[in-house]
Amino acid sequence: MFKFEVLKKLGRARLSQLTTPHGTIPGPFFQFVATQAAIRGQVMSEDMEKLGVDIMLANTYHLHLRPGEDLMEQAGGLHSFMQWDKPITTDSGGYQVFSLGDHVKIDDDGVTFKAPLDGSVHRFTPESTMQVQAKLGPDIVMPLDVCTPFSASKDEVEKAIIKTTAWVKRCKDEQARLASPQALYGIVQGGVYPDLREKAAGLLRDIGFFGYSIGGELQEKGEKEIKKIVNITTAQLPEDAPRYLMGYGKPEDIVEAVRLGVDQFDCVLPIRNARHGQIFLDLNIEELKKALVDPEYSIDPKKLYKSIDITKAVFADDLSVFNTNDTDITRAYSKAYVHHLMRAEQPSGMRLAVMANVAFYVNLMKQIRGIIEQEGV
RNA sequence: CCGGGGAUGGCAGAUCGGCUAUGCAAGGGACUGUAAAUCCCUCUAGAUAGGUUCAACUCCUAUUCCCCGGA
């Protein structure tokens with residue numbers, strides 16, 4: 001039911017194919033983040049499909065809080081709820097382990113969350129996240145892990161990988177017990193410490209997973225650090241399994257990571273930034289090609305694409321702007337190949353902005369694949 | 001004409017005898033497995049002329065303009 005194949009390689013970059021119960025998708029691919037089973041910014045699954053999106057990512061923690069996995073199961077599962085027949089991944093809630101900070105307490109058996117929404121207390125164990133995800137019914141599931149910030153001490157990180165490994169093993173066992181038809185990934189932690197990344201990858205490889213992801217808090221920047229870690233980690237992962245860099249994804253970041261052998265991405269950035277008024281446009285294919293073909297090439301984001309900020313005023317009262325022929329917005333809008341799909345509608349500015357960024361990322365991944373296909377062996 | 005009330009940044013709108021109101025608009029920045037249609041920063045004031053005071057957007061006088069009520 002699940003299959004992963006590497007079709008071609010360009011250096012370490014891989015053109016791949018992932019088969020799931022909801023279809024086969026080409027890689028490297030980007031998962032758009034629909035945390036609460038919906039893309040924010042009034043964008044519907046139907047829109048995502050028109051824009052050529054292959055896969056979306058939802059979050060176990062948020063859906064457990066509401067509407068709850070039982071309700072979701074009654075509604076026919078995530079696919080039915082989202083009206084989306086293509087593949088879906090769910091994150092386990094592991095990221096919330098650190099992003100919710102003070103609201104979370106970790107012990108050996110699991111984590112206790114205090115929901116910021118209403119102060120209610122919830123408990124996740126490796127087993128319970130798998131049970132919840134089995135009910136939610138996505139194609140790809142993530143195990144509960146302990147996510148550490150890049151600033152964590154070596155000692156702290158080492159404890160986190162030991163705990164993560166134990167939990168991930170429990171997730172695998174629970175999944176086997178539940179017999180749910182879902183692909184489970186292992187998550188490599190290890191902070192900024194190369195030897196710990198290697199160790200974590202080795203431990204997970206020994207257990208054996210369908211795919212492997214690289215986790216951690218990456219937003220703390222230190223770009224060279226991240227590249228180094230991705231570089232080291234992908235080298236430790238099996239050739240025949242998908243590699244997923246979690247939560248990381250400015251366009252230039254994705255290109256770098258693909259070059260280092262990553263197949264799968266997700267990031268809130270395109271959608272969040274669109275909602276905050278920033279849209280990406282004018283992907284430079286030549287620059288993209290240079291960056292992929294030459295592993296030494298240093299990517300200049302300013303050459304790779306442009307980004308512009310649109311104002312709240314545009315969100316509130318967009319149409320005059322969007323209908324003008326020579327504005328930047330219209331350029332973004334048309335460069336992103338959206339306008340012909342939307343002509344008959346009257347979408348809000350924010351919705352258009354989100355769609356523009358989705359289209360940009362879809363195109364980015366498509367171009368990356370095209371280059372590996374053309375130049376690779 | 002009489003009586004009453006006002007006049008504050010591009011707009012709206014508070015406070016106060018000395019210390020940044022605030023919101024929107026404008027300009028800039030941030031955002032990376034979503035506690036985020038969010039957050040941060042900057043620029044625009046005190047109708048006009050005098051006076052009182054160490055100090056006036058704030059008190060007093062006059063002028064101009066606006067609003068309400070009455071002839």
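This passage walks through a predicted model of chain A with RNA strand B, from confidence to RNA surface, helix packing and backbone oddities.

Since the model is predicted, local features need pLDDT of at least 70 and side-chain atom pairs count only at pLDDT 80 or more, while totals for chains, interfaces and linings use all residues. Residues are numbered from 1 along each chain as its sequence is written, and chains are lettered from A and ligands numbered from 1 in the order in which they are written.

On confidence, the model comes in at ipTM 0.87 and pTM 0.89. The average pLDDT of chain A (the predictor's confidence in each residue, from 0 to 100) is 88, and 89% of the residues score at least 70. The weak stretch is residues 317-347, where pLDDT stays under 50. For that stretch the model has 40 contacts beyond four places in sequence, a contact being two residues whose C-beta atoms, placed from the backbone, lie within 7 Å.

Turning to the RNA, strand B is surrounded by 45 residues, with Pro116, Cys147, Gly247, Val268 and His276 the closest; a residue is near the strand if its C-beta atom, placed from the backbone, lies within 6 Å of it. Strand 5 (56-59), helix 5 (94-99), strand 14 (264-267), helix 11 (269-275) and helix 14 (312-316) each give two or more residues to this surface. Helices (H or I, at least four residues) and strands (E, at least two) are DSSP runs, numbered from the N terminus. Helix 11 gives the most, with five residues. By class, the surface near RNA strand B has 17 nonpolar, 18 polar and ten charged residues. Here Ala, Val, Leu, Ile, Met, Phe, Trp, Tyr, Cys and Pro count as nonpolar, Asp, Glu, Lys and Arg as charged, and the others, Gly among them, as polar.

Next, the helix pairs. Axes are lines fitted to C-alpha atoms, for helices over the stretch in contact, and angles run from 0 to 180 degrees between N-to-C directions. Helix 6 (residues 126-136) and helix 7 (residues 154-178) have axes that come within 8 Å and cross at roughly 45°. The two are therefore oblique to each other (angles under 35 degrees count as roughly parallel, over 145 as roughly antiparallel, 65 to 115 as roughly perpendicular and the rest as oblique). Contacting residues include Pro126 and Met130 of helix 6 and Trp167 and Leu178 of helix 7.

Helix 12 (residues 285-293) and helix 18 (residues 349-375) cross at roughly 55°, their axes coming within 10 Å, so this pair is oblique too. Ile285, Leu288, Lys289, Leu292 and Val293 of helix 12 meet Gln367, Ile368, Ile371, Ile372 and Glu375 of helix 18. That contact has seven nonpolar, one polar and two charged residues.

Helix 8 (residues 194-207) and helix 9 (residues 223-236) pack at about 30°, with axes 9 Å apart, which makes helix 8 roughly parallel to helix 9. Pro194, Arg197, Glu198, Ala201 and Gly202 in helix 8 meet Ile229, Ile232, Thr233 and Gln236 in helix 9.

Finally, the backbone. Most residues other than glycine have a negative phi, and most peptide bonds are trans. The Gly27 to Pro28 bond, however, is cis, with omega near 0°; Pro28 sits in the loop between strand 3 (23-27) and strand 4 (29-33). The bond from Arg66 to Pro67 is also cis, with omega near 10°, and Pro67 lies in the loop between helix 2 (60-65) and helix 3 (69-74). Ala37, in the loop between strand 4 and helix 1 (45-50), has a positive phi of about 65° although it is not a glycine.
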